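Please look at the sequence and the 3D structure shown below, and keep both in view while reading. The report follows the strands of one sheet and then turns to a single residue.

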Amino acid sequence: MKSRYGLLSTLTAIALFLALETISILLVVEKGVVQRFKVMGAVRSAQSWVWTRTSRIGYYFNYKAENERLTAENLQLRQQLVRYAAARAALDSVAVVVEPDYTFIGASVIKNSVDRQHNHLILNRGREEGIETGMGVVTAHGAIGIVSAVSRHYCYVLSLLGTDQSVSAKLAGSGAFGPMVWTGKQPDQAILREIPVHVTVAPGDTVYSSGFSTIYPPDIPLGTVVESKVSKGSSQEITVRLMEDFRTLHNVYIVKDNRREELEELYEQAR
Amino acid sequence: MNKPGNILFFILVFLLQLVISDYLNLGPWVCLTLVPFLILHIPLSRNPHWVMLAAFGIGLGLDILSAGVPGMNAFAAVLTAAPRKFFYRTLVNADRQDKTEILLLKDVGFLKYARFLIVLVAIYLAAFILLDCVSVQPAGFIAIRFAASTLASTALSLLLAIPLQNRY
């Protein structure tokens with residue numbers, strides 16, 4: 001009787017082990033499933049409350065560097081504005097007023113991780129501010145990630161510092177483009193792949209976003225070339241030093257592509 | 001250790017793990033975990049079913065509260081909890097089975113405690129790091145990350161175990 005009970009106990013332990021491991025693997029594969037539970041809304045609200053306050057403490061200690069960064073960005077934008085104003089004045093007689101392709105929504109980072117293989121950010125903008133899943137997040141110095149879940153006041157962003165994330169990038173000058181992915185080792189290094197062998201690449205060349213998606217606008221400077229090497233004899237793999245320091249991120253912009261719906265409709269029709 | 005003391009200890013270590021996950025940036029090379037330390041301290045009198053469920057709860061709780069990829073810590077925690085009794089018998093002492101409510105360093109000695117801890121930490125980190133890195137990182141990176149993380153996590157757990165044994 002005792003041995004039968006022992007056998008039954010072992011079998012149920014094995015079954016429980018398999019069941020728990022299967023559930024865990026399913027959760028890993030279906031990353032978004034937990035976010036869909038109603039109770040997660042309350043959990044995330046409580047967490048966001050804590051993260052908002054702790055991020056303010058962190059911001060207080062970094063405010064000087066952040067201020068300098070914003071001043072530099074402001075200066076760059078002013079210079080661009082002057083150039084655009086001059087160009088617009090010249091075109092005014094012939095130009096047709098069109099809606100801009102992108103709208104930028106400012107946001108603050110309240111939580112950010114950089115030390116995992118799949119990093120993320122939490123931003124203080126949500127559904128009420130018009131944020132939707134699939135929107136890109138950028139700064140003046142790089143692509144940051146893609147909005148993956150949205151609550152009323154916050155959104156969850158899959159960071160570009162994730163080994164399963166990529167951004168379509170192009171080289172200044174040649175315009176050769178390919179997917180750029182994080183190396184997973186240094187928070188400031190990425191690899192630009194699939195660049196044809198005949199394209200000349202020099203250290204220091206700038207890499208920009210290509211704009212070949214509805215996620216990131218074109219021509220955002222992403223980084224500079226460190227070195228290149230031929231991979232599998234058919235293309236170049238370029239090591240890129242990212243311009244944006246993900247460890248000190250505070251202010252970002254969420255990108256709304258105003259043509260997204262139209263483009264998605266077009267893709268649907270083409271299928 | 002009495003029951004309220006047990007619960008308080010688990011809550012405090014879990015909160016410390018949350019702070020480590022959320023605010024301590026050690027870079028992609030080191031993953032610091034206290035989950036195996038928590039699993040080691042689940043009372044020895046508990047049956048394996050209970051231990052696995054508790055480990056699953058700790059892991060999933062950590063996944064959700066630190067906003068990581070849900071399931072990763074849960075998977076590693078259950079894999080660590082399942083053979084806990086076997087390793088306890090093999091590495092610590094079969095005779096001590098069920099004699100202590102919670103395993104303390106002073107009861108079993110540093111060497112036995114440390115080797116039991118390092119095995120649990122290694123199982124946990126092997127599962128976690130493989131799940132995190134497999135097919136995207138080279139074997140060399142995975143091996144270095146595993147070794148550095150095992151050393152760092154074991155050292156931190158031992159540091160916590162010393163004041164714990166003096167307290168109880």
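How many bridges join strand S7 of chain A to strand S8 of chain A, and do these strands run parallel or antiparallel? In this predicted model, strand S7 (residues 177–182) of chain A is joined to strand S8 (residues 189–196) of chain A by three bridges, and the two run antiparallel. Within this pair, A:Val181 stands opposite A:Ile191 in S8(A). The strands S7(A) and S8(A) form a hairpin with six residues between them, and in its turn A:Gly184 has a positive phi of about 85°. As background, strands of a sheet pair through backbone hydrogen bonds, either parallel or antiparallel.

**The barrel**

This hairpin can now be placed in its wider setting. Six strands of chain A close into a barrel in the order S6-S7-S8-S11-S10-S9, and the pairing is antiparallel. On average, neighbouring strands of this sheet are turned by 40° against each other, direction ignored. The table lists further antiparallel pairs, each with an example of two residues that face one another across the strands.

| Strand pair | Bridges | Example of partners |
|---|---|---|
| S6(A) and S7(A) | five | A:Ser168 and A:Pro179 |
| S8(A) and S11(A) | six | A:Gln189 and A:Arg241 |
| S9(A) and S10(A) | three | A:Val207 and A:Gly223 |
| S10(A) and S11(A) | eight | A:Val230 and A:Gln236 |

For finding these strands in the sequence, S6(A) covers residues 166–171, S9(A) covers residues 206–209 and S10(A) covers residues 221–231, while S11(A) covers residues 235–242. A hairpin is also formed by S10(A) and S11(A), with three residues between them, and A:Lys232 in the turn has a positive phi of about 55°.

**A residue in strand S10**

Is A:Leu222, which lies in strand S10 of chain A, buried or exposed? A:Leu222 is buried, because 27 other C-beta atoms lie within 10 Å, and the cut-off for calling a residue buried is 20 or more. Leaving aside neighbours within four places in sequence, the residues in contact with A:Leu222 include A:Val167, A:Met180, A:Val207 and A:Val240, and also A:Gly142 and A:Ala143. A:Leu222 and A:Ala190 are 32 residues apart in sequence, whereas in space they are 9.8 Å apart, C-alpha to C-alpha.

When looking along any of these strands, it helps to keep a general point in mind: in a regular strand the side chains alternate between the two faces of the sheet.

Notes: Residues numbered from 1 in each chain as written. Chains lettered and ligands numbered in written order. Predicted model: local features only at pLDDT ≥ 70, side-chain atom pairs only at ≥ 80, totals over all residues. Pairing = 2+ DSSP bridges. Helix = DSSP H or I, 4+ residues; strand = E, 2+ residues; numbered from the N terminus. Axes fitted to C-alpha atoms, helices over the stretch in contact; angles between N-to-C directions. Buried ≥ 20, exposed ≤ 12 C-beta atoms within 10 Å, placed from the backbone. Contact = placed C-beta atoms within 7 Å.
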